[in-house]
Amino acid sequence: MNIKNSLKPVFTFDAILNIAVGLIFLFLSERVEGLLFNGSMLPHYVWIILGAGFLYFAYWQIRITIRSKAGRTALIFALAAAWVPALLVTVLLVVPLLPVSTGGRLILWIGDFYLILLGAYYFLLIRNETA
C-alpha cells in the first residue's frame, strides 16, 4: 500500500476540518464555551492556544501533503496527534471534571469517535508499511 496515495485525501479532509475548528476556537470561543459548558469555563488564552494548535497541525498536514513527504515518521506523529487528544477528551467525558452540557457531550463524543477512527487509520497505514 502506498502511504502517500492513501494519506492524501485523509490529510486534506482533516486539514480543512482542523482549519475550521481552529478558526472557530480563535474567533468564536465565547460561543463554543456557551455550547459546550453553558457559560464561561476556560480563560480566553486557552482557546487561542487550542485554535493555534489546530491551525498549525493543519499547516503541517498541508505541507506534508504538498511535499509528498508522508512516511512512517509523519504517520506516527499524526497518530499521536489524533489519539492523545482523544484520550484526553474521553477522560473529560467519563470523569466529570468539567460541567459539560448535554449538547456539548454529544459534540465531544462525535469528535472523540472521529479522532479514534482517524488514529486507527494511521495505525493501519503504519502497520501495513512495516509489513
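**Overall architecture and the faces of helix 2**

In the chain, 73% of the contacts with a separation of 6 or more are accounted for by residues 24 or more positions apart. The model is a predicted one, and its chain has 5 helices and 0 strands, the elements running α-α-α-α-α from the N terminus on. The C-alpha trace of the chain spans about 45 × 30 × 20 Å along its principal axes.

Of the 131 residues in the chain, 33% are buried. The area that the chain exposes comes to about 8,000 Å², of which 73% is supplied by carbon and sulfur atoms. With regard to charge, the chain has 9 positive and 5 negative side chains, and a distance of 13 Å lies between the centres of these two sets.

Helix 2, which comprises residues 29–37, illustrates how burial is distributed within a single element, its buried residues being Ser29, Val32, Glu33, Leu36 and Phe37. When helix 2 is viewed down its axis, these buried residues fall within an arc of 100°, and they therefore line one face of the helix. The exposed residues Glu30 and Arg31, by contrast, are carried on the face of helix 2 that is turned away from its buried side. Glutamate thus appears in both settings, with Glu33 among the buried residues of helix 2 and Glu30 among the exposed residues on the face turned away from them. Beyond its last residue, helix 2 is followed by Asn38, a residue whose phi is positive, with a value near 60°.

Definitions and conventions: Residues are numbered from 1 along each chain as its sequence is written. This is a predicted model: local features need pLDDT of at least 70, side-chain atom pairs count only at pLDDT 80 or more; totals for chains, interfaces and linings use all residues. Side-chain values use heavy atoms; hydrogens and water are left out. Buried means under 20% relative accessible area, exposed over 50%, partly exposed in between (1.4 Å probe, protein chains only). Helices (H or I, at least four residues) and strands (E, at least two) are DSSP runs, numbered from the N terminus. The arc is that of the directions from the helix axis to the C-beta atoms. Contact means heavy atoms within 4.5 Å. Accessible areas come from the Shrake-Rupley method with a 1.4 Å probe; for residues, only the protein chains shown count as cover. Lys and Arg count as positive and Asp and Glu as negative; His and the chain ends are not counted. The place of a charge is taken as NZ of Lys, CZ of Arg, CG of Asp or CD of Glu.
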